[in-house]
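Student: I have a structure to look at today, and I would like to understand the words people use for it. Could you take me through them?

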Amino acid sequence: MENGGTGTLWVRQVLLLFVLPAMSQVGSEPGRFLVAEEMHSGSFVGNLAKDLGLEVGELSARGARVVSNDNKQCLQLDTNTGDLLLSEMLDREELCGSAEPCVLYFQVLMKNPMQFLQIELEVSDINDHSPEFLEKEMLLEIPENSPAGTVFLLESAKDLDVGVNAVKSYTISPNSHFHIKMRVNPDNRKYPELVLDKALDYEEQPELSFILTAVDGGSPPRSGTALVRVVVVDTNDNTPEFEQTFYEVNIPENSVLGSLVVTVSAWDLDSGINGEISYTFSHASEDIRKTFEINQNSGEVSLKASLDFEAIDSYSVIIQATDGGGLFGKSTVRIQVMDVNDNAPEIAVSSITSPIPENWPETVVMVFSIRDKDSGENGRMVCFIPEDLPFLLKSSVENYYTLETESPLDRESRAEYNLTITVTDLGTPRLKTEHSITVLVADVNDNAPAFTQTSYTLLVQENNSPALHIGSVSATDRDSGTNAQVTYSLLPPQDPHLPLASLVSINADNGHLFALRSLDYEALQAFEFRVGATDRGSPALSSEALVRVVVVDDNDNSPFVLYPLQNGSAPCTELVPRAAEAGYLVTKVVAVDGDSGQNAWLSFQLLKATEPGLFGVWAHNGEVRTARPLSERDAAKHRLVVLVKDNGEPPLSATVTLHVLLVDGFSQPYLPLPEAAPDQAQADSLTVYLVIALASVSSLFLFSVLLFVVVRLCRRNRAASGGRCSGHFPGHLVDVSGTGTLSQSYQYEICLTGGSRTNEFKFLKPIIPKLPPQCPGKETEENPTFPSSFEFNIQ
């Protein structure tokens, strides 16, 4: 029989190992799982995805994880398979004590989108504790006149297991006087009562004993034993009686130790020792014995340990009054613990995101939960944040909140927020908890570089040295980091003929501009280009500014004499009649200066003369006039040296030599030789007239051909240099007055050869002549003939 019992026990243990894992996968409803206590860490609890009707990949994609209110991570979630696994061994008695069922609450937090799912884990009890009597030996004193059927209370056994695994029955060893009867107290605990079957006889047997066995309902069952000693006493036929069979008391949880809870009172009609009553707790749990104590003589129940409404909100205490003869009565005291606001709210952070990129729409910054262990108004909570910040609190599942941005943030306005979350309860006095976080705003490249000026004007003196620093541009970017690092560059010029790459360069790091070559005001007075500033963000942003470079003129060009030409050929002789009065216009020196401004202001001065005082030069227009009337005594030939000087600093100058021939009249082409005979002179005169006529026609033809060639070359140069001649002169026109040897006023257009640093004269083309108005009644002054301006030497 013993071997058979052992085998049966072994089979039951093996079956239990297979049944419990199977039970852990069974849930009565979605989101609820059942697991047996003391299963090893990593044991399979259930498949969350299958139980909640979710795809396995959805848990991983949405970053699902399991959180709990008390931050105890008993479960772990395998997001790849959806399996829930135990992260630690669970002890139902430690987690829930005697409470049944033992249910733990968890939440499944999923993002994108944010979702909370409630799951419950029921921890089922296994029969891992044996019934145990607090007193291994019980002593009962029973009067001998106790009638059959009298009931005697026995101490119950304590079993930490619950349900079917709790104490199921009590038995006693065989005897002829007693049997056991089961009772259930107000806490639903079973306790044994000893029933007298046969009257006791003190004289026959003053004392007897037997074994009391408590058996639980587990499989296999567990048991515990205690020795019961019955002492038969003499007759005591009255039992103590309480004034009340039921007491109900309310006591605040913050009551001080030693406070009086209740006073119970009982009386006994017997006298002497049989009427002396003592009070004790009966069937008191360990929590009751640890928290309260009773005065055996007065029946006063006082507080022994601090109360905690959040742990135990009520106690049910059985008080037994026993007289000196062993008879007793009992009464039940219901102690209700009253909650006081002694717990501040708690904040549990589940996740936090920082920094937050700027310009993003509503973004979840933090997910957290709040709780208050108090109840009623003491447990109701209000959560809030400062109103002057761009954040919102949104309530989700019970007591879960999300902190979100109210609108896109701007790092350039504010890069950091110090945020305090305040949770307060509604108790009296109110308790609050604050949680501070710092939210950083990450920069996004949303600001293009901005130049300090929309346009820049730089002045550069011509003839500068290459690589000269001519100025700088500057741009700033309100972003930070690489998004604020600015790079400068030259943008393609709008004028395709402007050789920008050979004129200037820019330092990409600091925006300094440099002239790559020496600039010539006479070739290029000003030019414009655009500068770009680009940051290093992604994508990069840029802006541009206009830069105008103005070349400042330097006095680097000497005056250039246009008339008379100084080309090394036969000098041009000016003819002056001897009858000329003072102020007669002999000729006009025409000169230009390639510079501008005061550097091009010309003044004329007679430097040398064959006969000083005979001729004079007007300083401002270069007109050479007679200073006094001519006489027969004046020499026929005169040589004048005229100085042309500009107004630059230092001034530059040029000289021109004039040859003046005094004649009796313009009909005489030149002075006759003294030794010529009269006849020969007449013949020579006719020959001269023919030669002059032929030379005039030939000169006119050659002048027309040269003019045509020059015009064609100038047009070609204009096409190559942007449609204008190189070199700039004020007005581009030279005015030649029509007095003296030039019969009318002419304007001449001057064009210099391009690319010449000496401004070599290219052509002088007459423009529309200025004809003097014809006044009625007056004769027009006779102008000298054109051929008279040429000098011929006849041998």
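Tutor: Gladly! Let us start with one word: two residues are in contact when heavy atoms of theirs lie within 4.5 Å. By that rule, and leaving out residues up to four places away in sequence, Lys158 touches Ser130, Pro131, Glu132, Leu134, Ala284 and Ser285. Keep in mind that this is a predicted model.

Student: Where is Lys158, and what makes you say that it has no salt bridge?

Tutor: Lys158 sits in strand β11, residues 157–158. A salt bridge needs a side-chain nitrogen of Lys or Arg within 4 Å of a carboxyl oxygen of Asp or Glu. The nearest side chain of opposite charge, Glu155, is 4.9 Å away, and Lys158 is buried yet has no salt bridge.

Student: What does the side chain of Lys158 reach?

Tutor: The backbone oxygen of Ser156, at 3.3 Å. A polar contact allows N or O atoms up to a cut-off of 3.5 Å, so the distance fits.

Student: Which pair does count as a salt bridge with Glu193, and how do you know?

Tutor: Glu193 pairs with Arg183, and their closest N and O atoms are 2.8 Å apart. The cut-off is 4 Å, so this pair qualifies. Glu193 belongs to strand β14 (residues 190–196) and Arg183 to strand β13 (residues 178–184), so the salt bridge ties together parts that are 10 residues apart in sequence.

Student: Why is Glu193 called buried while Arg183 is called partly exposed?

Tutor: Buried means under 20% relative accessible area, exposed means over 50%, and partly exposed is in between. Glu193 has 6%, so Glu193 is buried. Arg183 has 32%, so Arg183 counts as partly exposed.

Student: How many salt bridges are there by this rule?

Tutor: The count comes to 19. Among them is one between Arg229 and Glu207, at 2.8 Å from N to O. That pair links distant parts of the chain, with Arg229 in strand β16 (residues 223–233) and Glu207 in strand β15 (residues 207–216), 22 residues apart. Another joins Glu544 to Arg530, with the closest N and O atoms 3.1 Å apart. Here strand β42 (residues 542–552) holds Glu544 and strand β41 (residues 526–535) holds Arg530, 14 residues apart.

Student: Which residues are linked in a network of salt bridges?

Tutor: Arg32, Glu120 and Glu122 are linked in such a network.

Student: What makes Val644 a buried residue, and what does Val644 touch?

Tutor: Val644 has a relative accessible area of 0%, which is under the 20% limit, so Val644 is buried. Val644 lies in strand β50 (residues 637–646). Its contacts, beyond four places in sequence, include Pro559, Val589, Leu602, Phe604 and Ala654. As for Ala654, its C-alpha atom is 5.2 Å from that of Val644, although the two are 10 residues apart along the chain.

Student: What makes the patch around Val709 a nonpolar surface patch?

Tutor: Its members are Phe701, Leu702, Val705, Phe708, Val709 and Leu713, and together they make about 580 Å². A patch residue needs over 30% relative accessible area. Val709 has 40%, so Val709 passes that limit and counts as partly exposed. Val709 is in helix α7, residues 678–720.

Student: Why do Asn359 and Pro220 deserve a second look?

Tutor: Most residues other than glycine have a negative phi, and most peptide bonds are trans. Asn359 has a positive phi of about 70° although it is not a glycine. Asn359 is in the loop between β27 (356–357) and β28 (364–371). The peptide bond from Ser219 to Pro220 is cis, with omega near 0°, and Pro220 lies in the loop between β15 and β16. The peptide bond from Glu649 to Pro650 is cis as well, also with omega near 0°.

Student: And for the protein as a whole, how many helices and strands are there, and what share of residues is buried?

Tutor: There are 7 helices and 54 strands. Of the 795 residues, 41% count as buried.

Note on methods
Residues numbered from 1 in each chain as written. Predicted model: local features only at pLDDT ≥ 70, side-chain atom pairs only at ≥ 80, totals over all residues. Heavy atoms only, no water. Patch = residues over 30% accessible without salt bridge, like charges linked within 9 Å, V, L, I, M, F, W, Y side chains within 5 Å. Areas by Shrake-Rupley, 256 points an atom, 1.4 Å probe, with all protein chains shown as cover. Helix = DSSP H or I, 4+ residues; strand = E, 2+ residues; numbered from the N terminus. Buried < 20%, exposed > 50% of the residue type's maximum accessible area, 1.4 Å probe, protein only. Lys, Arg positive; Asp, Glu negative; His and termini not counted. Polar contact = N/O pair within 3.5 Å; in protein donor to acceptor, adjacent residues only side chain to side chain.
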